[in-house]
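Q: Could you give me a close look at one part of this protein, namely the side-chain contacts? Please go contact by contact, and spell out your cut-offs as you go.

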Amino acid sequence: MKLRRAATAFALVAASAGVAVAPQTATAAANCSYTFSNQTPLVDLGSATYQGQSGGLYPGASNTRPAAHTQAGKDIALNHVLPRNAAGQVDLVNGKVVLISIGMSNTTQEFQAFIAKARQYPNLNTHLVIVDGAQGGQDAHAWADPANATWSVLANRLATAGVTAAQVQAVWIKEQYIGDNLGAFPAGAQSLRDTLATIARNARAKYANLALGYVASRIYTYDSTRSAGAYQQGFAVKWLIEQQINGDPTLSYGAGGVAPWLSWGPYMWADGLGSDGVTGGIPGRSDGLEWKCSDLESDGVHPGPTGEQKVANMLLNQFSTDETTVSWFTK
């Protein structure tokens, strides 16, 4: 997760200026022969296990968000995520709803592509402002420190976008440890889960009206030394959301809560080109998603232009259709 993009503010208010990006430099050579890792995506693992841990995105090895959790998120979206003025008071005429990103280099690359895609979306809510807060080289440990400069950079980007902390109401989080080094499983993934929880609480403390959080894990990597950590990151996110669903008070949400309501947003890992290693053959996961070596930069870790577009499409699909987002993302 080295520095990949310039630290620039990116905002979308109806029609906005183009997204500026900095030149990128490869850090290592991709192993394009590493077309699959032989790991099963969480969405296909189900009640089977990976090192003793069951799959699925949600409790009970299910890929379906529990109805009660969905209803809670929908209620928050309808009743709380509303256009607000600079002081955070509801203003349905001139107010703004701010969606931010928090994360590392991959996160900012993908979120910038999403911003560009959202700009072309004809049904976008004109009250919505999207600000990319993710920063190259800033891993989960950095964001877990509430005094870290990452938060000051994000504050400056909000100011540049003409919005305030009180208007931030939704966040996309995608974070990992530097080098995707989680250590032994499951302890390493549990450590990342706890760090993600700290980041969520930090964000809630800094943004009083932050109500909804969508958490993602990595795409596939063609760096075999980082592959296990990239895959296991999905378990950290799964367990984080499950912890909140199960009522952990350290992740309480809503009025008086210490964290935003959390959900997958979305799950993007697929096992490369699938077990046959052929494009269009056995897919990397059951819905047909595959990751080609050409979807990544020459380091095999950061998304290239086509990879960024794949993530942007998945993000746009989620935010424009999810029951907890349509009321504030669309017109």
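A: Here is a walk through the side chains, beginning with one loop and moving outwards.

Two housekeeping points come before the residues. The model is predicted, so to speak of a local feature takes a pLDDT of at least 70 and to count a side-chain atom pair takes pLDDT 80 or more, while totals for chains, interfaces and linings use all residues. Residue numbers start from 1 along each chain as its sequence is written, and side-chain values rest on heavy atoms, with hydrogens and water left out.

Let's start with E175, which sits in the loop between β5 (168–174) and α6 (187–206). Helices (H or I, at least four residues) and strands (E, at least two) are DSSP runs, numbered from the N terminus. E175 is buried but has no salt bridge. Buried here means under 20% relative accessible area, exposed means over 50%, and partly exposed is in between (1.4 Å probe, protein chains only). A salt bridge needs a side-chain nitrogen of Lys or Arg within 4 Å of a carboxyl oxygen of Asp or Glu. For E175, the nearest side chain of opposite charge is R218, and that is 7.9 Å away; Lys and Arg count as positive and Asp and Glu as negative, while His and the chain ends are not counted. What E175 does have is a polar contact of 3.3 Å with the side chain of W143. That term covers N or O atoms within 3.5 Å; within protein, one must be able to donate a hydrogen and the other to accept it, and residues adjacent in sequence count only if both atoms are side-chain atoms.

Stay in that loop and you get to D180, which forms a salt bridge with R226, their closest N and O atoms being 3.0 Å apart. The partners come from distant parts of the chain: D180 is in the loop between β5 and α6, R226 is in the loop between β6 (212–216) and α7, and 46 residues separate them. D180 and R226 are both buried. R218 turns up again here, linked with D180 and R226 in a network of salt bridges.

Now the rings. The structure holds 24 aromatic pairs, where rings of Phe, Tyr and Trp (its six-membered ring) pair if their centres lie within 6.5 Å, with planes under 30 degrees apart called stacked, over 60 edge-to-face and the rest tilted. One of them is F111 with W172, a stacked pair at 5.7 Å centre to centre with 15° between the planes. This pair also links distant parts of the chain, with F111 in helix α3 (residues 105–119) and W172 in strand β5, 61 residues apart. F111 and W172 are both buried.

Another is F185 with W239: the centres are 5.8 Å apart and the planes are at 35°, so this pair is tilted. F185 belongs to the loop between β5 and α6 and W239 to helix α7 (residues 227–245), so the pair ties together parts 54 residues apart in sequence. Both F185 and W239 are buried. They belong to one aromatic cluster, whose members include Y34, Y220 and W269.

Helix α7 also carries K238 and E242, four residues apart, or about one turn of the helix. Their side chains meet in a salt bridge (3.9 Å, N to O). K238 is buried at 3% relative accessible area, whereas E242 is partly exposed at 22%.

The salt bridge count comes to nine. Also among them is R65 with D322, at 3.0 Å between the closest N and O atoms. R65 is in the loop between β2 (53–54) and α2 (67–79) and D322 in the loop between α8 and α9 (326–329), which puts them 257 residues apart.

Last, the structure holds one disulfide, meaning a pair of cysteine sulfur atoms within 2.5 Å. It joins C32 to C293, S to S 1.9 Å. The torsion about that S-S bond is about -60°, so the disulfide is left-handed. C32 lies in the segment before α1 (42–45) and C293 in the loop between β7 (261–264) and α8 (305–321), so parts 261 residues apart in sequence are tied together. C32 is partly exposed at 45% relative accessible area, while C293 counts as buried at 15%.
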